[in-house]
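Here is a short briefing to read alongside the sequence and the 3D view. Take a moment to turn the structure around before going through the points.

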Amino acid sequence: MTDPVRVGIAGLGFDAEFIAIYRDHPDAEMYSICQRSEDSLNSIGTAFGIEHRFTSFEKMIADPELDAVRINTPIPTMRNTRSRPCGQESTSPVPCRWP
């Protein structure tokens, strides 16, 4: 049996339902979440029992324990960070909700 894929999600607004999808998948571990609003981040993290929480996308994708990142935030939001859109600097697979 292989280890589960540790997934991080950036953007927890209307797509927070992806947390449960990854949490309940037998081959995944809902590892970390990223949200600019610390209050929202902690509320969602506590509700879903997620320990690893980030307000910085760059810090989340720099975590060496992270295997994959799902981005659920519009590209204009990502342009406000130092990261290139869709986590192109990440070494992890990066599915994006937005084109």
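The notes below go from the overall fold to the sheet, the helices, the cores and two individual residues.

This is a predicted model. The protein chain holds four helices and four strands, and from the N terminus on these follow the pattern β-α-β-α-β-α-β-α. Of its 99 residues, 43% are buried.

**Overall picture**
- Among the contacts with a separation of 6 or more, 52% link residues that are 24 or more positions apart.
- About 5,800 Å² of the protein chain is exposed, and carbon and sulfur atoms supply 51% of that area.

**The sheet**
- The four strands form an open sheet in the order β3-β2-β1-β4, with parallel pairing.
- At the edges sit β3 (52–54) and β4, each of which pairs on one side only.
- Neighbouring strands in this sheet are turned against each other by 30 degrees on average, direction ignored.
- Strands β1 and β2 run parallel and are joined by six bridges; here Ile9 has Ile33 of β2 as its bridge partner.
- Strand β1 (residues 5–10) also runs parallel to β4, with four bridges between them, and Gly8 stands opposite Val69 in β4.
- Strand β4 (residues 68–71) is covered on both faces: Ala68 and Arg70 are buried on one side, Val69 and Ile71 on the other.

**Helices against the sheet**
- Helix α1 packs on the sheet and touches β1, β2 and β4, with its direction at about 150 degrees to that of β2.
- Helix α2 lies across β2 and β3, and runs at about 165 degrees to β3.

**Nonpolar cores**
- The largest nonpolar core has 13 residues, and those with the most contacts inside it are Ile9, Leu12, Ile19, Tyr22, Met30 and Ile33.
- At least two residues of this core come from each of β1, α1 (17–24), β2 (28–34) and α2 (38–48).
- A second, separate core has 10 residues, including Ala10, Phe54, Ile61 and Ile71.
- If you click on Leu12, look for its contacts beyond four places in sequence: Ile19, Ile33, Cys34, Gln35, Leu41 and Ile44.

**Gln35, a loop residue**
- Gln35 is found in the loop between β2 and α2.
- Is Gln35 buried or exposed? Its relative accessibility is 17%, so Gln35 counts as buried, the cut-off being under 20%.
- Not counting residues up to four places away in sequence, Gln35 touches Gly11, Leu12, Gly13, Ser40, Leu41, Phe54 and Thr55.
- Leu12 and Phe54 are worth a second look in that list: Leu12 is one of the residues with the most contacts inside the largest core, while Phe54 is included in the second core.

**Tyr31, a strand residue**
- Tyr31 lies in strand β2 and counts as buried because its relative accessibility is 7%.
- Which residues does Tyr31 contact, leaving aside its neighbours within four places in sequence? They are Arg6, Val7, Ile50, His52, Asp63, Glu65 and Leu66.
- With Asp63 there is also a polar contact, made between the two side chains at 2.9 Å.
- Tyr31 and Val5 are 26 residues apart along the chain, and 8.8 Å separates their C-alpha atoms.

Notes:
Residues numbered from 1 in each chain as written. Predicted model: local features only at pLDDT ≥ 70, side-chain atom pairs only at ≥ 80, totals over all residues. Heavy atoms only, no water. Buried < 20%, exposed > 50% of the residue type's maximum accessible area, 1.4 Å probe, protein only. Contact = heavy atoms within 4.5 Å. Areas by Shrake-Rupley, 256 points an atom, 1.4 Å probe, with all protein chains shown as cover. Pairing = 2+ DSSP bridges. Core = buried A, V, L, I, M, F, W, Y, C linked by side-chain atoms within 4.5 Å. Axes fitted to C-alpha atoms, helices over the stretch in contact; angles between N-to-C directions. Polar contact = N/O pair within 3.5 Å; in protein donor to acceptor, adjacent residues only side chain to side chain.
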